[in-house]
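Visitor: Could you take me on a close look at one part of this structure? I am new to this, so please go slowly and show me how the pieces fit together.

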Amino acid sequence: MSDRLKATAIAPSNIAFIKYWGNADSRRNIPFNNSISMNLSAARTRTTIEFDPSFTGDTLIIDGRPITGAARARVSRHLDHIRALAPTDLYARVVSENNFPMGTGIASSAAAFAALSMAGTAALNIDLDERQMTELARLGSGSAARSIPDGYVELKAGGGHTTAFAYTLYAPNYWNLRDIVVIVSREEKPVGSSEGHLAAETSSHFATRLAELPTRLKAVRQAIRNRDIEALGEAIEEDAISLHVVAMTSRPPIYYWAPATIRLIHAVQAWRRDGLPVYFTLDAGPNVHLICEAKHETDVLARLADIDDVLETLVSQPAEGARLTEAHLF
Ligand code: PMV
(Lines give C-alpha, C1' and ligand atoms only; values in the text may rest on other atoms or scores of the structure.)
Protein backbone atom coordinates (compact mmCIF):
# COMPACT_ATOMS: atom_id res chain seq x y z
CA MET A 1 0.00 0.00 0.00
CA SER A 2 1.21 3.50 -0.80
CA ASP A 3 -0.14 6.69 0.72
CA ARG A 4 -0.86 8.10 -2.74
CA LEU A 5 -4.33 9.63 -3.12
CA LYS A 6 -5.32 7.21 -5.83
CA ALA A 7 -8.15 4.69 -6.35
CA THR A 8 -9.93 2.74 -9.09
CA ALA A 9 -13.61 1.82 -9.39
CA ILE A 10 -15.77 0.00 -11.91
CA ALA A 11 -19.44 0.85 -12.43
CA PRO A 12 -22.11 -0.50 -14.77
CA SER A 13 -24.47 1.49 -16.92
CA ASN A 14 -28.15 0.80 -16.28
CA ILE A 15 -31.37 0.64 -18.27
CA ALA A 16 -34.39 2.31 -16.73
CA PHE A 17 -37.70 0.39 -16.74
CA ILE A 18 -39.39 3.46 -15.29
CA LYS A 19 -37.53 6.53 -16.55
CA TYR A 20 -36.25 9.56 -14.74
CA TRP A 21 -37.30 12.55 -16.83
CA GLY A 22 -37.44 16.06 -15.39
CA ASN A 23 -35.89 17.56 -12.28
CA ALA A 24 -37.67 19.19 -9.36
CA ASP A 25 -34.25 20.74 -8.62
CA SER A 26 -31.92 20.72 -11.62
CA ARG A 27 -28.90 22.06 -9.74
CA ARG A 28 -28.84 18.93 -7.59
CA ASN A 29 -30.57 16.52 -10.00
CA ILE A 30 -33.47 15.87 -7.66
CA PRO A 31 -35.98 14.05 -9.89
CA PHE A 32 -39.69 14.67 -10.13
CA ASN A 33 -40.38 10.94 -10.02
CA ASN A 34 -38.99 7.66 -8.74
CA SER A 35 -37.28 5.52 -11.36
CA ILE A 36 -36.44 1.80 -11.53
CA SER A 37 -33.58 0.20 -13.46
CA MET A 38 -31.42 -2.85 -14.03
CA ASN A 39 -27.61 -2.65 -14.02
CA LEU A 40 -25.98 -3.79 -17.27
CA SER A 41 -23.13 -6.31 -17.28
CA ALA A 42 -21.87 -5.45 -20.76
CA ALA A 43 -21.62 -1.67 -20.44
CA ARG A 44 -19.18 -0.70 -17.72
CA THR A 45 -16.75 2.11 -17.02
CA ARG A 46 -13.51 1.73 -15.13
CA THR A 47 -12.09 4.92 -13.65
CA THR A 48 -8.82 5.64 -11.88
CA ILE A 49 -8.45 8.93 -10.03
CA GLU A 50 -5.35 10.41 -8.55
CA PHE A 51 -5.20 13.67 -6.59
CA ASP A 52 -1.75 15.26 -6.38
CA PRO A 53 -0.35 18.61 -5.18
CA SER A 54 1.74 18.88 -8.37
CA PHE A 55 -1.35 19.01 -10.64
CA THR A 56 -2.27 22.49 -11.86
CA GLY A 57 -5.78 21.57 -13.07
CA ASP A 58 -8.10 18.60 -13.49
CA THR A 59 -7.33 16.35 -16.45
CA LEU A 60 -9.65 13.80 -18.02
CA ILE A 61 -8.73 10.95 -20.33
CA ILE A 62 -11.44 8.72 -21.77
CA ASP A 63 -10.50 5.60 -23.73
CA GLY A 64 -6.99 6.99 -24.19
CA ARG A 65 -8.06 10.42 -25.47
CA PRO A 66 -7.58 13.67 -23.52
CA ILE A 67 -10.97 15.39 -23.11
CA THR A 68 -11.47 19.14 -22.65
CA GLY A 69 -14.41 21.54 -22.94
CA ALA A 70 -17.87 20.92 -21.50
CA ALA A 71 -17.28 17.24 -20.65
CA ARG A 72 -14.20 18.01 -18.57
CA ALA A 73 -15.95 20.97 -16.92
CA ARG A 74 -18.80 18.66 -15.87
CA VAL A 75 -16.32 16.19 -14.36
CA SER A 76 -14.54 19.08 -12.58
CA ARG A 77 -17.86 20.22 -11.10
CA HIS A 78 -18.41 16.71 -9.77
CA LEU A 79 -14.86 16.60 -8.41
CA ASP A 80 -15.69 19.85 -6.58
CA HIS A 81 -18.50 18.00 -4.73
CA ILE A 82 -16.01 15.28 -3.78
CA ARG A 83 -13.31 17.80 -2.82
CA ALA A 84 -15.81 19.63 -0.59
CA LEU A 85 -16.40 16.40 1.35
CA ALA A 86 -12.68 15.88 2.13
CA PRO A 87 -12.15 18.88 2.19
CA THR A 88 -9.26 19.52 -0.18
CA ASP A 89 -8.41 21.77 -3.10
CA LEU A 90 -6.13 19.28 -4.83
CA TYR A 91 -6.63 18.77 -8.55
CA ALA A 92 -7.17 15.32 -10.03
CA ARG A 93 -6.18 13.20 -12.99
CA VAL A 94 -9.12 11.06 -14.12
CA VAL A 95 -8.55 8.13 -16.48
CA SER A 96 -11.66 6.29 -17.68
CA GLU A 97 -12.15 3.33 -19.95
CA ASN A 98 -15.35 1.80 -21.26
CA ASN A 99 -15.66 -1.94 -21.90
CA PHE A 100 -18.10 -1.35 -24.74
CA PRO A 101 -16.95 -0.12 -28.14
CA MET A 102 -16.69 3.64 -28.67
CA GLY A 103 -19.12 5.10 -31.13
CA THR A 104 -21.96 2.71 -30.31
CA GLY A 105 -24.16 5.60 -29.29
CA ILE A 106 -24.05 4.40 -25.69
CA ALA A 107 -22.81 7.48 -23.89
CA SER A 108 -23.13 6.32 -20.34
CA SER A 109 -23.06 9.19 -17.89
CA ALA A 110 -24.57 6.76 -15.35
CA ALA A 111 -21.54 4.45 -15.33
CA ALA A 112 -19.14 7.38 -15.58
CA PHE A 113 -20.41 9.36 -12.58
CA ALA A 114 -20.96 6.25 -10.46
CA ALA A 115 -17.34 5.16 -11.01
CA LEU A 116 -16.07 8.73 -10.53
CA SER A 117 -17.91 9.09 -7.21
CA MET A 118 -16.67 5.80 -5.85
CA ALA A 119 -13.05 6.17 -6.99
CA GLY A 120 -12.88 9.87 -6.04
CA THR A 121 -14.11 9.38 -2.48
CA ALA A 122 -11.85 6.35 -1.99
CA ALA A 123 -8.81 8.26 -3.26
CA LEU A 124 -9.44 10.98 -0.66
CA ASN A 125 -10.33 8.47 2.09
CA ILE A 126 -13.88 9.84 2.42
CA ASP A 127 -16.08 7.26 4.07
CA LEU A 128 -19.63 7.15 2.65
CA ASP A 129 -22.22 4.42 3.06
CA GLU A 130 -24.04 3.11 0.00
CA ARG A 131 -26.96 5.49 0.38
CA GLN A 132 -24.68 8.53 0.65
CA MET A 133 -22.69 7.30 -2.35
CA THR A 134 -25.89 7.19 -4.43
CA GLU A 135 -26.68 10.78 -3.38
CA LEU A 136 -23.20 11.91 -4.43
CA ALA A 137 -23.40 10.06 -7.78
CA ARG A 138 -26.83 11.66 -8.41
CA LEU A 139 -25.21 15.11 -8.32
CA GLY A 140 -23.15 14.12 -11.38
CA SER A 141 -26.01 12.50 -13.31
CA GLY A 142 -29.38 11.48 -11.88
CA SER A 143 -29.26 8.00 -13.39
CA ALA A 144 -25.74 7.45 -11.93
CA ALA A 145 -27.31 7.02 -8.49
CA ARG A 146 -28.86 3.77 -9.78
CA SER A 147 -25.46 2.38 -10.88
CA ILE A 148 -24.14 2.27 -7.29
CA PRO A 149 -26.34 -0.48 -5.71
CA ASP A 150 -26.54 -4.03 -7.10
CA GLY A 151 -29.04 -5.48 -9.54
CA TYR A 152 -32.55 -4.06 -9.82
CA VAL A 153 -32.54 -0.58 -8.31
CA GLU A 154 -35.03 2.16 -7.41
CA LEU A 155 -34.10 5.86 -7.20
CA LYS A 156 -36.43 7.80 -4.94
CA ALA A 157 -37.46 11.27 -6.07
CA GLY A 158 -37.23 12.24 -2.42
CA GLY A 159 -37.50 15.99 -2.68
CA GLY A 160 -34.16 16.80 -1.01
CA HIS A 161 -30.48 15.85 -1.30
CA THR A 162 -30.54 13.23 1.47
CA THR A 163 -33.96 11.84 0.55
CA ALA A 164 -33.26 11.36 -3.19
CA PHE A 165 -31.22 8.15 -3.00
CA ALA A 166 -31.12 4.74 -4.68
CA TYR A 167 -31.28 1.24 -3.24
CA THR A 168 -31.43 -2.36 -4.41
CA LEU A 169 -34.93 -3.76 -4.94
CA TYR A 170 -33.69 -7.21 -5.99
CA ALA A 171 -30.24 -8.80 -6.35
CA PRO A 172 -28.90 -9.41 -9.88
CA ASN A 173 -29.59 -13.15 -9.67
CA TYR A 174 -33.24 -12.68 -8.66
CA TRP A 175 -34.37 -12.73 -12.27
CA ASN A 176 -32.23 -13.65 -15.27
CA LEU A 177 -33.38 -10.95 -17.70
CA ARG A 178 -31.52 -9.80 -20.78
CA ASP A 179 -31.10 -6.28 -22.09
CA ILE A 180 -30.15 -6.27 -25.76
CA VAL A 181 -29.09 -2.83 -26.92
CA VAL A 182 -29.84 -2.54 -30.61
CA ILE A 183 -27.66 0.12 -32.19
CA VAL A 184 -29.46 1.63 -35.19
CA SER A 185 -27.54 4.90 -35.23
CA ARG A 186 -24.06 5.90 -34.11
CA GLU A 187 -24.68 9.61 -34.50
CA GLU A 188 -24.27 11.72 -31.43
CA LYS A 189 -27.70 12.82 -30.23
CA PRO A 190 -28.43 16.48 -30.90
CA VAL A 191 -30.13 17.09 -27.52
CA GLY A 192 -28.58 15.64 -24.36
CA SER A 193 -30.62 14.41 -21.41
CA SER A 194 -29.77 17.50 -19.32
CA GLU A 195 -31.59 19.67 -21.86
CA GLY A 196 -34.41 17.13 -22.04
CA HIS A 197 -34.90 17.23 -18.26
CA LEU A 198 -35.10 21.03 -18.40
CA ALA A 199 -37.65 20.97 -21.22
CA ALA A 200 -39.88 18.28 -19.68
CA GLU A 201 -42.03 20.68 -17.69
CA THR A 202 -42.91 22.65 -20.83
CA SER A 203 -44.89 19.69 -22.17
CA SER A 204 -48.62 19.62 -21.49
CA HIS A 205 -48.27 15.83 -21.16
CA PHE A 206 -45.80 16.06 -18.29
CA ALA A 207 -48.49 16.37 -15.60
CA THR A 208 -50.29 13.34 -17.07
CA ARG A 209 -47.06 11.35 -17.02
CA LEU A 210 -46.45 12.21 -13.36
CA ALA A 211 -50.04 11.35 -12.44
CA GLU A 212 -49.72 7.90 -14.09
CA LEU A 213 -46.40 7.03 -12.50
CA PRO A 214 -47.38 5.76 -9.04
CA THR A 215 -49.48 3.01 -10.63
CA ARG A 216 -46.80 2.16 -13.19
CA LEU A 217 -44.03 2.08 -10.57
CA LYS A 218 -46.12 -0.35 -8.54
CA ALA A 219 -46.71 -2.51 -11.63
CA VAL A 220 -42.96 -2.69 -12.35
CA ARG A 221 -42.01 -3.55 -8.75
CA GLN A 222 -44.67 -6.25 -8.74
CA ALA A 223 -43.67 -7.60 -12.17
CA ILE A 224 -40.05 -7.98 -11.05
CA ARG A 225 -41.14 -9.57 -7.79
CA ASN A 226 -43.31 -12.09 -9.70
CA ARG A 227 -40.79 -12.48 -12.54
CA ASP A 228 -43.67 -11.65 -14.88
CA ILE A 229 -42.18 -10.63 -18.25
CA GLU A 230 -45.53 -9.75 -19.82
CA ALA A 231 -46.52 -7.37 -17.00
CA LEU A 232 -43.02 -5.87 -16.96
CA GLY A 233 -42.95 -5.49 -20.72
CA GLU A 234 -46.30 -3.68 -20.93
CA ALA A 235 -45.28 -1.23 -18.22
CA ILE A 236 -41.82 -0.46 -19.61
CA GLU A 237 -43.10 0.14 -23.15
CA GLU A 238 -45.80 2.44 -21.83
CA ASP A 239 -43.25 4.33 -19.77
CA ALA A 240 -40.74 4.75 -22.60
CA ILE A 241 -43.44 6.04 -24.93
CA SER A 242 -44.71 8.39 -22.24
CA LEU A 243 -41.19 9.89 -21.92
CA HIS A 244 -40.98 10.35 -25.69
CA VAL A 245 -44.46 11.89 -25.85
CA VAL A 246 -43.26 14.42 -23.27
CA ALA A 247 -40.03 15.03 -25.23
CA MET A 248 -41.87 15.41 -28.57
CA THR A 249 -44.35 17.85 -27.05
CA SER A 250 -41.79 19.91 -25.14
CA ARG A 251 -41.09 23.47 -26.26
CA PRO A 252 -39.07 23.30 -28.42
CA PRO A 253 -39.91 19.68 -29.26
CA ILE A 254 -37.24 16.98 -29.05
CA TYR A 255 -37.45 14.06 -31.49
CA TYR A 256 -35.00 11.36 -30.45
CA TRP A 257 -36.22 8.65 -32.84
CA ALA A 258 -34.67 7.71 -36.16
CA PRO A 259 -36.78 6.00 -38.86
CA ALA A 260 -35.13 2.71 -37.85
CA THR A 261 -36.38 3.17 -34.27
CA ILE A 262 -40.03 2.86 -35.25
CA ARG A 263 -39.27 0.06 -37.74
CA LEU A 264 -37.75 -1.90 -34.86
CA ILE A 265 -40.73 -1.21 -32.60
CA HIS A 266 -43.01 -2.62 -35.31
CA ALA A 267 -40.76 -5.68 -35.64
CA VAL A 268 -40.91 -6.32 -31.88
CA GLN A 269 -44.71 -6.13 -31.97
CA ALA A 270 -44.77 -8.65 -34.84
CA TRP A 271 -42.44 -11.04 -32.97
CA ARG A 272 -44.77 -10.89 -29.99
CA ARG A 273 -47.70 -11.79 -32.23
CA ASP A 274 -45.56 -14.83 -33.20
CA GLY A 275 -45.36 -15.75 -29.50
CA LEU A 276 -41.90 -14.38 -28.64
CA PRO A 277 -42.07 -12.45 -25.34
CA VAL A 278 -39.73 -9.52 -26.03
CA TYR A 279 -40.36 -5.86 -25.21
CA PHE A 280 -38.70 -2.54 -26.03
CA THR A 281 -37.60 0.50 -24.11
CA LEU A 282 -35.93 3.69 -25.34
CA ASP A 283 -33.71 6.24 -23.64
CA ALA A 284 -32.97 9.75 -24.87
CA GLY A 285 -31.73 8.58 -28.26
CA PRO A 286 -32.64 6.49 -31.31
CA ASN A 287 -31.25 3.13 -30.15
CA VAL A 288 -33.64 0.50 -28.82
CA HIS A 289 -33.20 -1.72 -25.76
CA LEU A 290 -34.94 -5.09 -25.99
CA ILE A 291 -35.87 -6.80 -22.75
CA CYS A 292 -36.53 -10.54 -22.59
CA GLU A 293 -35.86 -13.54 -20.39
CA ALA A 294 -32.52 -15.36 -20.81
CA LYS A 295 -34.23 -18.34 -22.47
CA HIS A 296 -35.35 -16.14 -25.39
CA GLU A 297 -32.04 -14.34 -26.02
CA THR A 298 -30.95 -16.62 -28.88
CA ASP A 299 -34.27 -16.32 -30.68
CA VAL A 300 -34.29 -12.51 -30.36
CA LEU A 301 -30.69 -12.24 -31.62
CA ALA A 302 -31.48 -14.52 -34.57
CA ARG A 303 -34.38 -12.27 -35.59
CA LEU A 304 -32.26 -9.13 -35.19
CA ALA A 305 -29.64 -10.66 -37.48
CA ASP A 306 -32.20 -10.47 -40.33
CA ILE A 307 -32.80 -6.73 -39.93
CA ASP A 308 -30.72 -4.36 -42.07
CA ASP A 309 -31.13 -1.43 -39.66
CA VAL A 310 -29.18 -3.22 -36.93
CA LEU A 311 -25.59 -1.96 -36.84
CA GLU A 312 -24.61 -3.76 -33.67
CA THR A 313 -26.04 -5.42 -30.57
CA LEU A 314 -24.81 -5.52 -26.99
CA VAL A 315 -26.23 -8.14 -24.62
CA SER A 316 -26.28 -7.61 -20.85
CA GLN A 317 -27.51 -9.56 -17.89
CA PRO A 318 -28.37 -7.99 -14.51
CA ALA A 319 -25.14 -6.86 -12.85
CA GLU A 320 -23.78 -5.80 -9.51
CA GLY A 321 -23.29 -2.11 -8.85
CA ALA A 322 -20.16 0.02 -8.53
CA ARG A 323 -17.10 -1.53 -6.89
CA LEU A 324 -13.60 -0.46 -5.94
CA THR A 325 -11.02 -2.52 -7.73
CA GLU A 326 -7.30 -2.97 -8.11
CA ALA A 327 -7.63 -4.94 -11.30
CA HIS A 328 -6.52 -3.62 -14.65
CA LEU A 329 -9.07 -5.62 -16.57
CA PHE A 330 -12.85 -5.52 -16.68
O1 PMV B 1 -28.94 10.72 -15.79
P2 PMV B 1 -29.36 11.47 -17.00
O3 PMV B 1 -29.42 12.96 -16.74
O4 PMV B 1 -28.52 11.14 -18.20
O5 PMV B 1 -30.86 11.07 -17.35
C6 PMV B 1 -31.24 9.81 -17.79
C7 PMV B 1 -32.43 9.90 -18.66
C8 PMV B 1 -32.91 8.60 -19.26
O9 PMV B 1 -31.81 7.76 -19.60
C10 PMV B 1 -33.67 8.91 -20.53
C11 PMV B 1 -33.86 7.86 -18.32
C12 PMV B 1 -33.25 7.13 -17.17
O13 PMV B 1 -33.93 7.08 -16.13
O14 PMV B 1 -32.15 6.58 -17.27
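Guide: Happy to! Keep in mind that this is a predicted model. Let's look at an open sheet built from four strands, which follow the order β11-β12-β10-β13 with antiparallel pairing. At the edges sit β11, covering 279-282, and β13, covering 312-316, and each of them pairs on one side only. If you ignore direction, neighbouring strands in this sheet are turned against each other by 25 degrees on average.

Now zoom in on the edge strand β11. Its antiparallel partner is β12, made of residues 288-293, and four bridges join the two. You can find one pairing by eye: look for phenylalanine 280, then for leucine 290 in β12, its bridge partner.

Next, see what rests on the sheet. Helix α6, residues 229-248, lies across β10 (177-183), β11 and β12, and it runs at about 30 degrees to β11. Helix α7, residues 259-273, packs on the sheet as well, touching β10, β11 and β12. The direction of α7 makes about 160 degrees with that of β11.

Before you go, turn to the ligand. It has 14 residues around it, and Tyr20, Ser141, Ser143, Arg146 and Ser193 come nearest. A polar side-chain atom of serine 141 is 2.7 Å from a ligand oxygen, while a polar backbone atom of tyrosine 20 lies 2.8 Å from an oxygen atom of the ligand. The protein covers 92% of the 380 Å² of accessible area that the ligand has on its own. The surrounding shell is a mix of five nonpolar, six polar and three charged residues.

Methods
Residues are numbered from 1 along each chain as its sequence is written. This is a predicted model: local features need pLDDT of at least 70, side-chain atom pairs count only at pLDDT 80 or more; totals for chains, interfaces and linings use all residues. Side-chain values use heavy atoms; hydrogens and water are left out. A residue is near a molecule or strand if one of its heavy atoms lies within 4 Å of it. A polar contact is a pair of N or O atoms within 3.5 Å; within protein, one must be able to donate a hydrogen and the other to accept it, and residues adjacent in sequence count only if both atoms are side-chain atoms. Accessible areas come from the Shrake-Rupley method with a 1.4 Å probe; for residues, only the protein chains shown count as cover. Ala, Val, Leu, Ile, Met, Phe, Trp, Tyr, Cys and Pro count as nonpolar, Asp, Glu, Lys and Arg as charged, and the others, Gly among them, as polar. Two strands pair if DSSP finds at least two bridges between them. Axes are lines fitted to C-alpha atoms, for helices over the stretch in contact, and angles run from 0 to 180 degrees between N-to-C directions. Contact means heavy atoms within 4.5 Å.
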